[in-house]
Amino acid sequence: KDGAPSADHLALAIKNTLRRPVVIGDHACRLDVSIGIAEAPDARTCPRQTFVNVDLALQRAKRDSREKIAHYNQDLQLHLMRKKRLADRLVLAIENEEFEPVYQPQFHSASLELAGVETLGRWRHPEKGLLGPHHFIEQAEESNLLARIDAILVKKAASDLRRFRDLGLFVPKVSFNV
């Protein structure tokens with residue numbers, strides 16, 4: 001601490017050193033550098049937790065942009081807790097089949113006849129109502145849940161298509177983005 005360089009100063013020095021070109025044969029190669037920093041508040045802090053916090057900060061540095069230095073802090077902790085809650089809630093939503101298709105009609109440009117419908121996924125959240133994909137798609141992708149959501153949407157769209165035909169509505173084509 002006293003007179004020692006700060007973590008930011010050390011990280012910047014490491015980054016600048018590693019950014020220097022490395023010559024391999026006739027090629028100058030440059031490295032991308034991302035650094036995560038987490039400080040232990042005192043000697044009683046669990047070293048394992050400090051390493052976890054450093055890793056979380058490093059993941060944020062890599063995700064936010066290349067060649068960045070990121071710190072573990074309370075905001076990052078809150079962000080990660082929100083993501084975890086959303087991921088858990090998405091699993092429950094899948095179990096409860098809260099995802100449902102909505103349909104965007106597609107028309108032939110010359111005749112304006114119905115060419116088909118595009119199936120769009122929405123989340124019927126019990127408290128928040130019908131949510132568009134911007135509320136869940138990124139977390140669903142990170143949590144490897146998209147295939148399960150797609151399966152629910154395909155199943156429900158097939159059921160809807162049968163119901164449409166029973167009502168005398170002919171939909172020539174149903175398309176999905178999976």
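E138 lies in helix α4, which spans residues 137-142. In this predicted model, E138 counts as exposed because its relative accessibility is 53%, and the threshold for that class is over 50%. Between E138 and K83 there are 10.0 Å in space, taken from C-alpha to C-alpha, although the two are 55 residues apart in sequence.

The loop that joins α4 to α5 contains N144. The phi angle of N144 is near 60 degrees, a positive value in a residue other than glycine. N144 is exposed, since its relative accessible area is 67%. A second residue with a backbone of this kind is E97, whose phi is near 50 degrees, again positive in a residue other than glycine. E97 belongs to the loop between α3 and β5, the latter covering residues 99-107. With a relative accessible area of 31%, E97 is partly exposed, because that value falls between the limits of 20% and 50%.

From these loops the description passes to the interior. The largest nonpolar core is made of 12 residues: L90, A93, I94, F99, W123, L131, F136, A140, L145, I149, I152 and L153. Helices α3 (74-95) and α5 (146-166) each supply at least two residues of this core. In soluble globular proteins, nonpolar side chains tend to be buried together.

W123, a member of this core, has contacts with residues distant in sequence. Apart from neighbours within four places in sequence, W123 is in contact with L86, R89, L90, A93, E98, F99, G129, L130, L131 and F136. Of these partners, L90, A93, F99, L131 and F136 also belong to the core. The list of contacts further includes the charged residues R89 and E98.

The largest pocket encloses about 260 Å³ of space. It is lined by 14 residues, and those closest to its centre are G121, I137, D150, L153 and N177. Two elements, β6 (114-125) and α5, give two or more residues to this lining. By character, the lining divides into nine nonpolar, three polar and two charged residues. L153 appears both among the residues closest to the pocket centre and in the largest nonpolar core. Helix α5 likewise contributes at least two residues to the core and two or more to the pocket lining.

Strands β2 and β3 provide a further region to examine. C29 is found in strand β2, which comprises residues 27-29. C29 counts as partly exposed because its relative accessibility is 31%. Residues up to four places away in sequence aside, C29 touches R20, P21, V22 and I24. The C-alpha atoms of C29 and E127 are separated by 53 Å, and the two residues are 98 apart along the chain.

The loop between β2 and β3 (35-37) holds S34. S34 is classed as partly exposed because its relative accessibility is 23%, while a buried residue would have to be under 20%. The C-alpha atoms of S34 and I69 are separated by 5.8 Å, although these residues are 35 apart along the chain.

Finally, the confidence of the prediction may be considered. The mean pLDDT of the protein is 89, and 96% of its residues reach 70 or more. Among the elements, helix α2 (residues 47-64) has the lowest mean pLDDT, at 84, whereas strand β7 (residues 129-131) has the highest, at 97. Strand β7 includes L131, one of the residues of the largest nonpolar core.

How values were computed. Residues numbered from 1 in each chain as written. Predicted model: local features only at pLDDT ≥ 70, side-chain atom pairs only at ≥ 80, totals over all residues. Heavy atoms only, no water. Core = buried A, V, L, I, M, F, W, Y, C linked by side-chain atoms within 4.5 Å. Buried < 20%, exposed > 50% of the residue type's maximum accessible area, 1.4 Å probe, protein only. Helix = DSSP H or I, 4+ residues; strand = E, 2+ residues; numbered from the N terminus. Contact = heavy atoms within 4.5 Å. pLDDT = per-residue confidence, 0-100. 1 Å grid on protein atoms, 1.4 Å probe; cavity = no way out; pocket = protein on both sides within 12 Å on 5 of 7 lines; lining within 4 Å. Points joined across faces, edges and corners; volume = space filled by probe spheres on them.
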